[in-house]
Amino acid sequence: MAHEPADLDQRLMDAVERLGAAARAMLRRSALAEGLSLTQAQLLLRITADTAPPQGTGSLAGWLEVSAPTVSDAIQTLVRKGMVERGLRSGRAWTATAIGRAVARRLRRWQDPLRAALGGQPDAAKATALETLLHTIAELNVGGHISTARTCLTCRFFRADPEAWCALLETALAPADLRVDCPEHEPRTSA
Ligand code: SF4
């Protein structure tokens, strides 16, 4: 029996929810092994991400979709553990210490099972999935449900016609090239 489109939407939502729950559980296990909470691990990963801009407490809270006091508490714990320090010389509000960077490298291994599971999927299907997810993120961002989205589809440099194009980097953007966390991203409108 054929499924209705709405049923497909529901199954996609269910799948996203399952993946999100599994991803959080995998990261939480890695965090516990390092003596960190999930939020502390997420913060350390964000602070050490190559694509992350200099972020203060408010910006980090927006990225993690948690409150500023929650971020503040988690950062103080990371500072006490010697993993994070004020990043005055680097131009960043917070920067990871050598200890923090080593912990972050171990934490990032939580993604290995996910990467392996994706590895066997066809590239064309993954590119379509990426484009669909980014369109969904853009809609949620416009609706105020995702506060920070540094993606091509929410960027003022993105052109859709006659082909997907980045006006800053002056390059075509095939679905597989679309960025999720672009260092050069600038929002379409300043919210
Ligand atoms: S600047 Fe980055 S996010 Fe914006 S369109 Fe270009 S590649 Fe995409």
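What share of the 191 residues in the chain is buried? Buried residues make up 30% of them, where buried means under 20% relative accessible area, exposed over 50% and partly exposed in between, with a 1.4 Å probe and protein chains only. This is a predicted model, so local features need pLDDT of at least 70 and side-chain atom pairs count only at pLDDT 80 or more, while totals for chains, interfaces and linings use all residues. Residues are numbered from 1 along each chain as its sequence is written, and side-chain values use heavy atoms, with hydrogens and water left out.

**Overall layout**

The chain has seven helices and five strands. Helices (H or I, at least four residues) and strands (E, at least two) are DSSP runs, numbered from the N terminus. Reading from that end, the order is α-α-α-α-β-β-α-α-α-β-β-β. The C-alpha trace spans about 55 × 40 × 30 Å along its principal axes. Take the contacts (heavy atoms within 4.5 Å) between residues at least 6 apart in sequence: 56% of these join residues at least 24 apart.

**Helix α2 and its partners**

Helix α2 covers residues 38–47, and it packs against α3, α4 and α5 as tabulated here. Axes are lines fitted to C-alpha atoms, for helices over the stretch in contact, and angles run from 0 to 180 degrees between N-to-C directions.

| Helix pair | Axes come within | Crossing angle |
|---|---|---|
| α2 and α3 | 11 Å | roughly 110° |
| α2 and α4 | 9 Å | roughly 80° |
| α2 and α5 | 9 Å | roughly 105° |

Angles under 35 degrees count as roughly parallel, over 145 as roughly antiparallel, 65 to 115 as roughly perpendicular and the rest as oblique. So α2 and α3 are roughly perpendicular to each other. Their crossing is right-handed, meaning that the near helix is turned clockwise from the far one by less than a right angle. On the α2 side, Thr39, Gln42, Leu43 and Arg46 make the contact, and α3 answers with Leu60, Trp63 and Leu64. Sorted by class, the residues of this α2–α3 contact are four nonpolar, two polar and one charged. For the classes, Ala, Val, Leu, Ile, Met, Phe, Trp, Tyr, Cys and Pro count as nonpolar, Asp, Glu, Lys and Arg as charged, and the others, Gly among them, as polar.

Next comes α4. The axes of α2 and α4 cross at roughly 80°, which makes α2 roughly perpendicular to α4. Here Thr39, Gln40, Leu43 and Leu44 of α2 meet Thr70, Val71, Ala74, Ile75, Thr77 and Leu78 of α4. That contact has six nonpolar and four polar residues, with no charged ones.

Then there's α5, residues 98–107, whose axis crosses that of α2 at roughly 105°. That makes α2 roughly perpendicular to α5. Ala41, Leu44 and Leu45 of α2 touch Gly100, Val103, Ala104 and Leu107 of α5. The α2–α5 contact divides into six nonpolar, one polar and no charged residues.

**Aspartate 181**

Which residues does aspartate 181 touch, not counting those up to four places away in sequence? They are Arg46, Thr51, Ala52, Trp63 and Arg150. Aspartate 181 sits in the segment after β5 and counts as buried because its relative accessibility is 15%. From leucine 43 it is 138 residues away in sequence and 15 Å away in space, C-alpha to C-alpha.

**The ligand shell**

The ligand is surrounded by Thr151, Cys152, Cys155, Phe157, Phe158, Cys166, Leu169, Arg179, Cys182 and Glu184, each with a heavy atom within 4 Å of it. By class, this shell has seven nonpolar residues, one polar and two charged.

**Backbone oddities**

A few loop residues deserve a look. The peptide bond from aspartate 161 to proline 162 is cis, with omega near 0°, and proline 162 lies in the loop between β3 (158–159) and β4 (165–166).

Two glutamates have positive phi. For glutamate 65, phi is near 60°; its place is the loop between α3 (57–64) and α4 (68–80). With a relative accessible area of 43%, glutamate 65 is partly exposed. Glutamate 170 has phi near 50° and falls in the loop between β4 and β5 (171–172). At 61% relative accessibility, glutamate 170 counts as exposed.
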